[in-house]
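Visitor: I have a structure to look at with you today. Could you walk me through it?

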Amino acid sequence: MLNYLYKRISHAVEVLLLVSIITFAVLMWIPGDAAQLILGSDATPEKLAALRSALGLDRPWYLQYWDWLKGFVSFDLGKSYLFGQDVSTLIRQRLPVTMSIAVFSMIIATVISIVLGILAAIRKNTAVDYVSTGLMQLGSSVPAFWIGMMSIVYLGLELQWFPIAGYVPPERGFVAYLNSIALPSMVLAIGEIGMLLRTVRTSMLDALSQDFMDMARAKGLSSFTIYFKYALRSAMIAPSNVIGLQFAKLVGGTVVVESVFSLPGIGRLILVAVEQRDVFLLLGLVMFITTLVIAIALLVDIAVMFINPRIRVEMQGE
Amino acid sequence: MRCKASDSVASKIRIKKKYHLIMGGGLTVLVAALCLLSFIYMPHNPNEMNLGLRFVGPGQNPAFLLGTDNFGRDILSRIIYGSRSVLLVCFVAVALGSLAGSLLGAIAAIAKGPLSAVIMRSIDGLMAFPGILLAMMMVAAVGKGQEGAVAAIGVFMIPPFARLVYSLILDSENLLFIKAAKSYGISRRRLLAKHYLPLLLPRLITQFTACIGAAIMIETSLSFLGLGIQPPNASWGLMLNEARQNFLQYPYLAVGPGVAIALSVLGFNLLGDGLNDLLIRRRS
């Protein structure tokens, strides 16, 4: 078991290192550098050169990378030239917004896809199955920003169920907070349901065809117990892994949704960093998000390891 | 009895799958026709501004079927014209990405050893970027606009093709005809072109179709964020971005481009599903 854990963690670290190298290499391409960004386009070449050497931008890229990596390991993500603040401070200010909608939409997507997935599996090849599969296809084809715009018009403006923009921190009233993130989270969830629903349906079908289901029926258990206590438990293993993966997609998807709903989150920060080509801000943001996503996938894997008796037994046998 | 029941289920599934193919094919042909139409006929010049005719609602003026936008430009013409830029960017990008990815995957699978490890690890690294982050990063490096979008989507498409080709070649190494070809000393290039390519082609076609759907989603997202095709050119994502200033008063501005995006993504996804059943399941 420890062996497995060690393998998973070292693989995660390896991937992170690779991601940092790729990111660094891509961002080194950007024409014009931080010195140019700070001084503006009408700066004299001497001034630029002086600032470059002061910032260490005139050194070879591998030395710059090494310095940056040393900083990253000690939780120092460098400084944003655009904002003149530490990248970690900027992230800390905006993280609550992004995490709120990411977690909230994950919960919505999970609940809906489990319920619909179970129904679709139990009533296989009936109207319920076809409707939920159709919804799933449609949900993964319609772009989130468009659903966002439409829901702002119809749910926000006409029906006035939700505020149409802005974020209320939880300190200023929990209900107002939930209200402000409800619409963005729902919009984000729609895109996530497709994949999750498909996985729940398949693994539920798989579980229903197992021998222990016949056994449970033969014992005369109620159908509620059969479906929820027996089938669901064994059917939840594959979807738990997918949830980890989906979370990664979702954090990327917040960029668009935050933009639609004017939420001051990390997604907006990424957009600004890309538009203004603030290299260190972008580097810090990309690495922060990727680390977060990989860490969550790792935690999910470990959690599944404890839930799934098959893996547990296999590991004891090792 | 049992056999009969499963027969009817199988035929039901077959009809459902065929329906995927027909629906997907139909929608794809529709989008392609729209793109072709943009070269032959458009009701108005898509970039022509007409400030006297701003915000004409759909159906209010027979000359502007879907209405006009904040500059008085005809929305229908812009949707028709937009299909050109979306399809062009997506096809070029996915073609480049799939070529690079397939080559990398093939090299990794045939070369083995440290080269293979380096390639496949880098692919793992590319896969680890969450969502459209990698695409946005590429735009930052290459610059906004058409080239940036092609680079962003192209790089995004490398990992799926590399992984597919890599695993398929490793899986089929033990097939008899591959072993036979190897036994008489075939060159690696010939082995790839003559034996592996026909074997992989159905999978590659299916993957390509499905990836076009994903590419349209990324392209429109980038354009919506203002990072893709730049104004005054028309692109569906950009039209939605421009509609944001006024869509609270005039929601119709956002309806047309959104429907166009949804239908084309749905079309390519369904076609990918249908082809998957037609080309792959039937063989095995």
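Guide: Gladly! This is a predicted model, in which local features need pLDDT of at least 70 and side-chain atom pairs count only at pLDDT 80 or more, while totals for chains, interfaces and linings use all residues. Residues are numbered from 1 along each chain as its sequence is written, chains are lettered from A in the order in which they are written, and side-chain values use heavy atoms, with hydrogens and water left out.

Visitor: How many residues does each chain bring to the contact?

Guide: Contact here means heavy atoms within 4.5 Å. By that rule chain A gives 47 residues, and chain B gives 47 residues.

Visitor: Which three residues supply 15% of the area that chain A buries against chain B?

Guide: Buried area is the accessible area (1.4 Å probe) that two parts lose on being put together, summed over both. Chains A and B bury about 4,000 Å² between them, 75% of it on carbon and sulfur atoms. The 15% of chain A's buried area, more than any other three residues give, comes from A:Phe145, A:Trp146 and A:Met149.

Visitor: Which side chains meet in a salt bridge?

Guide: The term covers a side-chain nitrogen of Lys or Arg within 4 Å of a carboxyl oxygen of Asp or Glu. The count between chain A and chain B is one. At 2.5 Å, N to O, the partners are A:Glu14 and B:Arg121.

Visitor: Which element gives the largest share of the side of chain A that touches chain B?

Guide: Helices are DSSP runs of H or I, at least four residues, numbered from the N terminus. Elements giving two or more residues to that side include α1 (2–28), α7 (144–158) and α11 (237–260) of chain A. The largest share, nine residues, belongs to α1(A).

Visitor: Which residues does A:Leu282 touch?

Guide: A:Leu282 is among the residues with the most contacts inside the largest nonpolar core, which has 135 residues. Such a core is a set of buried (under 20% relative accessible area, 1.4 Å probe, protein chains only) Ala, Val, Leu, Ile, Met, Phe, Trp, Tyr and Cys residues joined through side-chain atoms within 4.5 Å. Not counting residues up to four places away in sequence, A:Leu282 touches A:Leu27, A:Ile270, A:Ala273, A:Val274, B:Met137 and B:Ala140.

Visitor: Where is B:Lys112, which has a positive phi near 55 degrees, and what is its relative accessibility?

Guide: B:Lys112 sits in the loop between α2 (75–111) and α3 (113–127) of chain B. Partly exposed means from 20% to 50% relative accessible area. B:Lys112 counts as partly exposed because its relative accessibility is 40%.
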